[in-house]
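Here are my notes for your first read of this structure. Keep the model open and follow the points in order.

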Amino acid sequence: MSSILLIEDNEQLQKYISEYLAAYSFTVHILEDYDTVLETIAAYRPKLILLDINLPKFDGFYYLKLIRKHYNIPIIIISARSEEGEQIRGMENGADDYITKPFSIGVLSAKINAMLRREAEQQKSVIALAGLCLNENTMSAAYGGTATELSKNEYRVLRLLIKNAGQIVSREQLLEELWDDVSFVDDNTLTVNITRVKKRLMEIGLPNCIETKRGVGYVFNPANLPND
């Protein structure tokens, strides 16, 4: 059963969407406190977010950017703002789809199902840690809405470090990840690849995540990920 977070202040629409999706085995959570958006996401861990634009306190674009700084959850905007510029703005700020009101609930359900199917396929090749996503399909790393391309070796190095986050990964383990026979590999080659990976992480705003343990190996330290 997939969990969906609905960020919508119209109570009638809340009820309509919730009851319809519940009939198709979705669990719909409605945001109650607009000051606790991130905390609510952390608590419910939704597979998808439905986000209105005209909301109390701040508009949906504010919450869209806030969520995108911390999560890569699929987001579908549902809004009465039908202007092309508003739709473009939504997509450029990280929305995955934009549906204008009034809309067919059947179409909304179909879009949700299609998006969750795509997400399930993508997750087979995506490693995520505290907002940092490593994607094998695109050979890229992304954080906070910014992405950088990786070479094959850079991807392999970062993948092994992230999978063992918080633990020392020896130089020998990294060399084995890159090459089948480490006895013919110049140790400096690994150092060059580590340097390149650190540079790629700096490009997306993560300058201090990989720590060198002199004479032993390297650690990807999630504690050094930004908290904001």
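1. Start at Ile 210. Its partner across the strand pair is Phe 220, which sits in β12. The strands β11 and β12 are antiparallel and share four bridges. Bear in mind as you look that this is a predicted model.

2. Now follow the turn that links this pair. The hairpin of β11 and β12 has three residues between its strands. One residue to check there is Gly 215, with a positive phi near 80°.

3. What does β12 pair with over three bridges? The partner is β10, and the sense is again antiparallel. On this side, Val 169 stands opposite Tyr 218, a residue of β12. Strand β12 itself covers residues 217–220.

4. Put the two pairings together. The result is an open sheet of three strands, ordered β10-β12-β11, with antiparallel pairing. Why is one side of β10 and of β11 left without a neighbour in the sheet? Strands β10 (168–170) and β11 (210–213) stand at the edges and have a single partner strand each, so one side of each has no neighbour there. From one strand to the next, the twist averages 30°. As general background, side chains in a regular strand alternate between the two faces of the sheet.

5. Look next for helix α6, residues 152–163. The helix lies across β10, β11 and β12. Its direction is at about 70° to β12.

6. There is also an open sheet of four strands. Its order is β6-β7-β8-β9, and its pairing is antiparallel. Strands β6 and β9 are the edges, each pairing on one side only. The twist here averages 15° from one strand to the next.

7. Helix α6 packs on this four-stranded sheet as well, touching β6, β7, β8 and β9. Its direction makes about 135° with that of β7. Within the sheet, β8 and β9 are an antiparallel pair with four bridges. One residue to find is Ser 140, whose bridge partner in β9 is Glu 149.

8. Step back to the whole chain. The protein is divided into domain 1, residues 1–123, and domain 2, residues 129–222. Their C-alpha centres lie 33 Å apart. How many residues of each domain are in contact with the other? Four residues of domain 1 touch four residues of domain 2.

9. Then find the largest pocket. It holds about 1,300 Å³ of space. The lining has 42 residues, and those closest to the pocket centre are Tyr 71, Asn 72, Ile 73, Glu 119 and Cys 133. Why does the pocket lie between the two domains? Both domain 1 and domain 2 give residues to its lining, so it lies between them.

10. Which elements give two or more residues to this lining? They are the helices α2 (37–44) and α5 (105–123), with the strands β6 (126–129), β7 (132–135), β8 (140–143) and β9 (146–149). Helix α5 provides the largest share, seven residues.

11. Finish with the make-up of the lining. It divides into 22 nonpolar residues, 12 polar residues and eight charged ones. To tie the points together, go back to the sheet β6-β7-β8-β9. Its strands β6, β7, β8 and β9 are among the elements that line the largest pocket, and helix α6 touches these strands too.

Notes
Residues are numbered from 1 along each chain as its sequence is written. Side-chain values use heavy atoms; hydrogens and water are left out. Two strands pair if DSSP finds at least two bridges between them. Axes are lines fitted to C-alpha atoms, for helices over the stretch in contact, and angles run from 0 to 180 degrees between N-to-C directions. Contact means heavy atoms within 4.5 Å. On a 1 Å grid over the protein atoms alone, a cavity is a set of points where a 1.4 Å probe fits but cannot get out, and a pocket is an open set with protein on both sides within 12 Å along at least five of seven lines; lining residues have an atom within 4 Å of a point. Grid points are joined across faces, edges and corners, and a volume is the space filled by probe spheres set on the points. Ala, Val, Leu, Ile, Met, Phe, Trp, Tyr, Cys and Pro count as nonpolar, Asp, Glu, Lys and Arg as charged, and the others, Gly among them, as polar. Domain bounds come from an automatic or database domain assignment.
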